[in-house]
Amino acid sequence: MTTAVIPRPQSGTDDFSVWPASTTRLAHGGLAVGGVDLADVAARFGTPVYVLDEGEVRERCRAYRNAFPEAEVLYAAKAFLSRAMVRWVQEEGMGLDVCSAGELELAVTAGFPPERIVLHGNAKSPRDLDSALRLGVGRIVIDSPSEIARIAAAVGPGGRQKVMVRVVPGVSAGGHDKIRTGTEGQKFGLSVADGSAQHAIARVLSQPQLELMGLHCHIGSQITTVKPYLTALRRMVGLMARIRDTSGVVLPELDMGGGHGIAYRPGEPALDVTALAHRLRGELVESCAAAGMPVPRLLIEPGRGVVGPAGVALYRVLAVKHTGDTVFVAVDGGMSDNPRPALYGVRYAPRLIGRTSAAGSRTATVVGRHCEAGDVLAAGVELPGDVRPGDLIAVPVAGAYQLSMASGYNMVGRPPVAAVHEGTVRLLVRRETLEDMRRRDIGP
C-alpha cells in the first residue's frame with residue numbers, strides 16, 4: 001500500500017498525462033499506479049515486468065460502451081490477452097475479436113461466450129476454423145476467396161455459420177506504412193476496386209451453409225483523426241447499397257474495425273472516441289438515408305485504445321555508457337519484450353522512478369540488452385544526469401502489443417504481467433523461465 005501520496009500533475013515539465021489516471025507521485029521520488037508503489041512491484045516480481053492497471057482497463061471499456069451505446073464493441077485480443085483480461089472485458093459488457101485458435105480457446109476456456117466472439121485472420125489455419133466451428137464462434141470474417149468453400153465444407157450439410165466479408169475500402173490511414181491496412185497492395189481483405197470483394201460476396205450468398213451478416217473493414221492502426229473512418233464508412237455503405245440492388249439482400253451489420261490511436265508521449269494526439277462515435281453515427285444515418293437503406297448495426301474493435309494506456313513497463317538499469325556525445329542507458333529488457341520501436345519507430349517517454357534526483361536532466365538513449373544495434377527502446381529522451389546502474393526506469397503506455405509481440409530472442413524469457421487495483425497487486429502471467437525454454441528443446 002502506498003503512503004505520502006502527492007496528487008499527480010497534469011501538465012508542465014512533470015507531465016503524467018499519458019500515464020494511468022490512478023498514477024500518483026510519492027514523497028520519496030517513486031510512483032504509484034492503482035495504489036501500489038511501482039518500486040514494490042519491481043522488488044516483488046523482478047524486472048522487466050509489465051504492470052497493468054485493472055481500473056484503467058475497466059474505465060476504458062466503459063468509455064467505449066458509453067460512446068457507442070447502440071453498437072457492439074469488441075475488444076481486439078491481439079493487443080493483449082490473458083484469462084484476467086477476458087474476465088474484465090466480459091464483465092464490462094464487450095465482445096471479443098480474436099485472430100487464432102490460441103486466442104479463441106483461451107477466451108472460451110476462461111468462460112467467455114463464444115457467440116460473442118469474432119474470428120479474424122488473412123490466412124486461417126485448419127485448426128483456427130475447426131476451433132471456431134467446434135466452439136460455436138459468433139462470426140467468421142472471410143478474408144480470401146478460398147475460405148468460402150473451406151468454411152462451407154467444414155460446416156457441412158444442414159449447418160449454418162454466420163460470416164462477414166473483409167473489404168478493402170481504399171483508404172490510407174495509420175501511424176506507419178506497416179500498419180496501414182485499408183489500401184490496395186497489402187495482404188488483408190478483398191478489393192472493391194478490382195471487383196474481388198463483390199465476387200466473393202456473391203459466392204458467399206450462394207452458399208446455403210453461410211449466413212452473410214455484413215461487411216468488415218479495418219483501415220489501419222494508430223489513427224488519430226476521425227476523417228478516414230468517415231470516408232471508409234461512406235464507401236462501405238455504398239457497397240452495401242450495391243449488394244442490395246444486385247442481390248436483394250440487405251445486410252444487417254457493418255464492422256468498422258479499430259485502429260484507434262493513443263498518445264505515447266505527452267503532447268501527442270490521440271483519437272477522440274466520443275467525437276468518433278458521434279460523427280460515425282451521424283454519417284451512417286445520413287449515408288443510409290441517401291441510399292434508401294435501413295441503418296445496419298455498427299461494430300467496432302478497439303484494442304490498443306482499451307489496454308495500451310493501462311500498462312507500464314518496469315526495467316532495471318544495467319549499465320550507463322558515454323560514447324561520444326551520446327549517453328546510452330542499458331536496461332535488462334529490450335526488443336524481446338517490446339519490438340515496436342524497432343518495427344515502427346515508436347517513441348516512448350521513460351522516466352526514472354524509485355528515488356529523487358537533484359541532478360539536471362540530460363539527453364540519453366535507452367537501449368536493451370540484446371545483440372542488435374537496433375535494440376533501442378527510447379532515443380533522445382530526457383533523464384537525470386546521475387542515472388546509474390541499479391536505477392529503476394518506468395515506461396508508460398506499455399499495455400498493448402508488447403507481451404503479445406514478445407519473442408524468445410537471446411533466450412532471455414518473456415516478462416511477467418502484474419495487475420494493480422485499489423492498493424493490491426497480483427500476478428496475471430508468470431515470467432517465462434530458462435526451464436520453460438529447456439523443456440521445449442527435446443532434441444538429443
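**Figure 1. Asn410 sits in the loop between β20 (392-396) and β21 (417-421).** In this predicted model, Asn410 has a positive phi of about 60°, although it is not a glycine. Why might that catch your eye? Most residues other than glycine have a negative phi. Is Asn410 buried, partly exposed or exposed? Asn410 is partly exposed, with a relative accessible area of 38%.

**Figure 2. Glu422 lies in the loop between β21 and β22 (424-429).** Here is another residue to look at for its backbone angle. Glu422 is not a glycine, yet its phi is positive, at about 50°. Is Glu422 buried or exposed? Its relative accessibility is 65%, so Glu422 counts as exposed.

**Figure 3. A cis peptide bond leads from Thr47 to Pro48.** The omega angle of this bond is near -5°. For comparison, most peptide bonds are trans. To find the spot in the model, look for the loop between α1 (38-45) and β5 (49-53), where Pro48 is found.

**Figure 4. Helix α4 (residues 101-109) has buried residues on one side.** Which residues of α4 are buried? They are Ala101, Glu103, Leu104, Ala107 and Val108. Around the helix axis these residues cover an arc of only 165°, so they sit on the same side of α4. Now look at what they meet: the buried residues of α4 pack against α3 (83-91), β7 (95-98), β8 (117-119) and α5.

**Figure 5. Helix α6 (residues 145-155) also has a set of buried residues.** In α6, Glu147, Ile148, Ile151 and Ala152 are buried. Imagine looking down the axis of α6: the buried residues fall within an arc of 125°, so they line one face of the helix. What covers them? The cover includes two helices, α5 (126-135) and α7 (196-205), along with the strands β9 (139-142) and β12 (210-216). Follow the chain just past the end of α6 and you will meet Gly156, which takes a positive phi of about 85°.

**Figure 6. Glu283 is a buried residue in helix α9 (residues 273-291).** The relative accessible area of Glu283 is 13%. Since buried means under 20%, Glu283 falls in that class. Which residues does Glu283 touch, leaving out those up to four places away in sequence? The neighbours are Leu230, Leu233 and Arg234.

**Figure 7. Stepping back, the whole protein has 12 helices and 22 strands.** Along its principal axes, the C-alpha trace spans about 70 × 60 × 45 Å. The radius of gyration is 23 Å, which agrees with the value near 22 Å that a compact globule of 444 residues would have. How much of the protein is buried? Buried residues make up 54% of the 444 residues. The contacts tell you about the fold, too: among those between residues at least 6 apart in sequence, 67% join residues at least 24 apart. On the outside, the protein exposes about 18,300 Å², and carbon and sulfur atoms supply 52% of that area. Finally, consider the charges: the mean positions of the 49 positive and 45 negative charges are 1 Å apart.

Conventions. Residues numbered from 1 in each chain as written. Predicted model: local features only at pLDDT ≥ 70, side-chain atom pairs only at ≥ 80, totals over all residues. Heavy atoms only, no water. Buried < 20%, exposed > 50% of the residue type's maximum accessible area, 1.4 Å probe, protein only. Helix = DSSP H or I, 4+ residues; strand = E, 2+ residues; numbered from the N terminus. Arc of directions from axis to C-beta. Contact = heavy atoms within 4.5 Å. Rg over C-alpha atoms; globule rule 2.2 N^0.38 Å. Areas by Shrake-Rupley, 256 points an atom, 1.4 Å probe, with all protein chains shown as cover. Lys, Arg positive; Asp, Glu negative; His and termini not counted. Charge placed at Lys NZ, Arg CZ, Asp CG, Glu CD.
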